[in-house]
Amino acid sequence: LVDLARNCAMAEPTEPPAPAVTPALQDEELAATFTNDSAMMIAFERALETKRGADALFQDPFAEAMAGPKGAMLSDLFGGGSAHFGLPDWPNFHKTWTAVRTRFIDDQIQKYAGSGLQQLVNLGAGMDTRAYRLEAYKAFPNGCFDVDMASVNREKRIIFEEVLQNPAPKCKLATIDLDFLGERRLQQELAEAGFAAEKPSLFVAEGLIMYLGPEGKFKL
């Protein structure tokens, strides 16, 4: 599966549709917060892959803590909607998608780190922990900029401080609060956080684009 993802690197990945319409998520409260809460679901699914031990596609020792109280529940609900995506006999389809996607992006970052890129911007970073677990981040002298909603960043910060006891990132790390559909502009927020626009940069947008709509994509 990883080889398949790598061979498709030049193609636009086919991301499942925005999941708020999934029958398993028709509960109004769940649907209203899913865009942000899905970060915990992804963390839970990374934790599942990590627990496969020697056969795992990657190791994320922080993922289980990042899954919080909702990660497992949302993953199970999403899997219960597999028929909605044309995969009625594969309830674990999204768990596999998450594992392969994570490994693929890990590989791409490690491939380009050290090639002269000075900084990395992670758009819609969610509960991502690459800045803490990938040695390749040491190759970004101007550091990493994790961008997401203030509510997501707040929960992530609490987990790192109170549960994980403040592990050190592999490089300088700036966390930026930004609503991609709000008035503030990404360029402005990055500049204020120390991003050097004139320097070569690597941008990551994992599981973000399908939530933005035309206005958000234009802003991005």
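**Notebook: Lys-95, helix 5 and the cysteines**

I started at Lys-95: outside its neighbours within four places in sequence, Lys-95 is in contact (heavy atoms within 4.5 Å) with Glu-45, Leu-48, Ser-75 and Asp-76. I note that this is a predicted model, in which local features need pLDDT of at least 70, side-chain atom pairs count only at pLDDT 80 or more, and totals for chains, interfaces and linings use all residues. Residues are numbered from 1 along each chain as its sequence is written, and side-chain values use heavy atoms, with hydrogens and water left out.

**Charge at Lys-95**

I looked for a salt bridge, meaning a side-chain nitrogen of Lys or Arg within 4 Å of a carboxyl oxygen of Asp or Glu. Lys and Arg count as positive, Asp and Glu as negative, and His and the chain ends are not counted. Lys-95 has no salt bridge although it is buried; the nearest side chain of opposite charge is Asp-76, at 4.1 Å. Buried here is under 20% relative accessible area, exposed is over 50%, and partly exposed lies in between (1.4 Å probe, protein chains only).

**Helix 5**

I placed Lys-95 in helix 5, residues 93-112. Helices (H or I, at least four residues) and strands (E, at least two) are DSSP runs, numbered from the N terminus. Of the 20 residues of helix 5, 14 are buried, so the helix is largely enclosed by the rest of the structure. I checked the length: the expected span is 1.5 Å times one less than the number of residues. For helix 5 this gives 28 Å, and the end C-alpha atoms are 29 Å apart, which agrees. Just after helix 5, Gly-114 has a positive phi of about 85 degrees.

**Cysteines**

How many disulfides are there? I counted zero, taking a disulfide as a pair of cysteine sulfur atoms within 2.5 Å. Cys-144 is in no disulfide, and the nearest cysteine sulfur, in Cys-171, is 5.3 Å away. That distance is too far for a bond. Cys-144 is buried at 1% relative accessibility, and Cys-171 is buried at 10%.

**Whole chain**

I logged nine helices and four strands for the protein chain, in the order α-α-α-α-α-β-α-β-α-β-α-β-α. Of its 220 residues, 45% count as buried. Of the contacts between residues at least 6 apart in sequence, 76% join residues at least 24 apart. The protein chain exposes about 11,400 Å², with 54% supplied by carbon and sulfur atoms; accessible areas come from the Shrake-Rupley method with a 1.4 Å probe, and for residues only the protein chains shown count as cover.
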